[in-house]
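Got your viewer open and a selection box ready? Load the model below and follow along, stop by stop.

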Amino acid sequence: EIGGYTHCYLSARDLGNDLYSIITDLEPIMSSCYTQLPLGQLELTENKLYGRRSHIMKLMSVCQGIGINDQSKIILISGYSGEGKSVVVKYVKQMLKATGVYFISGKFDQLQQAGPLPAINAALAEYCDHIVSKGSQNILDTRKAITKEINNDIGVLTAVFPCLHKIIGESAANPVEVASGESQNRFKFIFQTFFQTISTPAHPVILFLDDLQWSDKLSLQLVRTLVTNVETSNFLFIGSYRDNEIDANHPLSVELKELKKEASNTNFHVSSLTKENVNELISDAIHMPQELTVTFSDIVYKKTSGNALFVTQFLRSLWDEGLLYFSLESNTWKWDIESIKRKEIHDDVGLLMSNKILQLPAECQHAMKLLACVGSSCDETTLSMFMRREKGTKVKTSAKRARRSVDENEYHFLMLKLAIDEGLLKKEGSSYVFVHDQIQNAAYSLIPEDERGRMHRKIGYLIMEHSPEDKIRDLLFLVVDQLNRGEVGKEERETTGLAKLNLKAGKKAMS
């Protein structure tokens, strides 16, 4: 507070947006505070975690002790959906960014498992990008170390993880079929040797795999080979999962039981935020003392049960509906306490997310649905191949004006930018990512069931049509996954073509 004025902006961009709103639409701003434009953006900080100090300290302690005898080689984090398991890990990952640790991550996807070992593939892609970013000499040194240990068998890895070509180059070695027992054992040994080579005292490797409850059997087996290998001393595995979605007979439960017997491990559970945590979060978001927000935060806590994702999205919905607003008259944030008390809220955060998405422009909704069809994330290049406006979609006048200066693809990315501004998506490098898989599920659920097949089919064929010759092989699994989930074509030629694509994908998966 400066000179009696309370700040309601955290960036010049937000201030500029509101000034533009005032200039272009002055009438609402002169009306009563209940109908005026929602000036003052609700800024929920991403640089601070609430109620997670003990988890962060425990995680940091293990991460900083990599390579020390008797130190844990596994960290398992459990908790309900939306409690913030992966957020805690990403926070620690950021803290370790300035060190020599290679902290690589992957996520299992409930709606899309196109291709073998998708989460590990994503983690290794991140590793390769990190090596490449360090320059040509680092690439050469890494390539030399890997080829020295693996030699002619390097083709076994590059066939399954094409991203390794970035540092290894092309290999003439024949790929291995990992379906048979003997071949799988060979593959596991080479995989183990690879991680043993890249995990050094100067550059320990931390592998984080999110949503293990959706993991495939081979991925879990590969993790097991890493954590049980006594020679891989500069390596740590972190896995998170929803313990309420698995029982004692679930494949993950069985695998984790064996893992805990064979390797030292650390386990902790991430639970809901307390009333005090929620009050601190709200106090920070609207820049008011905690003693003034306690009544409001108590209601938010009761409505959300302290689920971290639910709390933040519920606050955004209150702001969207004008029940939480910045008052120009009192120069501070206010809330309609009685209306909030009466507000019906579903136990399922997915329903809240669905309602929020439905408030967005139709073309923004369509762009989010397309993204949800292919998974929790997708890179910009692939998105541009199938981002097309749905026929019959009505475009508002303001949207039409915006499209005059941008092409079709660019306009869809502007729509995705709107979803980012609404806190539903985020941009990581060149990829658009759902902030949480609950939001992805909500976007996908908005597609009528009788239209999903048509949409998947269209995406598959558009990617095939627009993929460059040198990229179609890398996108083969995504194409086949979309076509398999799509409507079955009536023509025999189309059915035969799909069968051939499946055979091709099957052979690649076996290699």
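At what angle do helix α10 and helix α11 pack, and how far apart are their axes? Keep in mind as you look that this is a predicted model.

**Stop one: a pair of helices**

Select residues 217–227 for α10 and residues 251–262 for α11. The two pack at an angle of about 5°, and their axes are 11 Å apart. Angles under 35 degrees count as roughly parallel, so α10 and α11 are roughly parallel to each other. Now show side chains at the contact: from α10 pick Leu220, Arg224 and Val227, and from α11 pick Leu252, Glu255, Glu258, Leu259 and Glu262. Colour them by class and you'll get four nonpolar residues, four charged ones and no polar ones.

**Stop two: aromatic rings**

Next, show these side chains together: Tyr102, Tyr127, Phe161, Phe187, Phe191, Phe194, Phe195 and Phe235, which form one aromatic cluster. The count of aromatic pairs in the model comes to eleven. Let's zoom in on two of them.

Start with Tyr102 and Tyr127. Their ring centres are 5.5 Å apart and the planes sit at 75°; over 60 degrees counts as edge-to-face, so that is what this pair is. The pair links distant parts of the chain, with Tyr102 in strand β2 (residues 102–107) and Tyr127 in helix α5 (residues 118–133), 25 residues apart. Switch on a surface and look for the two tyrosines: Tyr102 is buried, at a relative accessible area of 7%, and Tyr127 is buried too, at 2%.

Then move to Phe191 and Phe195. Here the ring centres are 5.0 Å apart with the planes at 55°, so this pair is tilted. Both sit in helix α9 (residues 181–198), four residues apart, which puts about one helical turn between them. An α-helix has 3.6 residues a turn, so residues three or four places apart point the same way. Phe191 is buried with a relative accessible area of 0%, and Phe195 is buried with 1%.

**Stop three: helix α12 and its surroundings**

Select residues 275–286, which is α12. Does the length look right or wrong for twelve residues at 1.5 Å a residue? The expected span is 16 Å and the end C-alpha atoms are 17 Å apart, which agrees.

Within α12, highlight the buried residues: Asn277, Val278, Asn279, Leu281, Ile282, Ser283, Ala285 and Ile286. To see what they pack against, add α13, α14 (308–320) and β7 (332–335). Step just past the end of α12 and click His287, which takes a positive phi of about 55°.

While α13 (residues 290–304) is on screen, pick out Asp298 in it. Asp298 is partly exposed, with a relative accessible area of 25%. Draw a distance from its C-alpha to that of Asn279: the two are 7.5 Å apart in space and 19 residues apart in sequence.

**Last stop: helix α21**

Finally, select residues 437–445. How many of the nine residues of α21 are buried? Seven are, so call this helix mostly covered. The buried ones are Asp437, Gln438, Ile439, Gln440, Ala442, Ala443 and Tyr444. To see what covers them, bring up elements including β2, α14, α16 (349–358), α17 (362–374), β10 (431–434) and α22 (449–466). You've met β2 already: it is the strand that holds Tyr102.

Methods
Residues numbered from 1 in each chain as written. Predicted model: local features only at pLDDT ≥ 70, side-chain atom pairs only at ≥ 80, totals over all residues. Heavy atoms only, no water. Phe/Tyr/Trp six-rings, centres within 6.5 Å; stacked < 30°, edge-to-face > 60°. Buried < 20%, exposed > 50% of the residue type's maximum accessible area, 1.4 Å probe, protein only. Expected span 1.5 Å × (residues − 1). Contact = heavy atoms within 4.5 Å. Axes fitted to C-alpha atoms, helices over the stretch in contact; angles between N-to-C directions. Parallel < 35°, antiparallel > 145°, perpendicular 65-115°, else oblique. Nonpolar A, V, L, I, M, F, W, Y, C, P; charged D, E, K, R; others polar.
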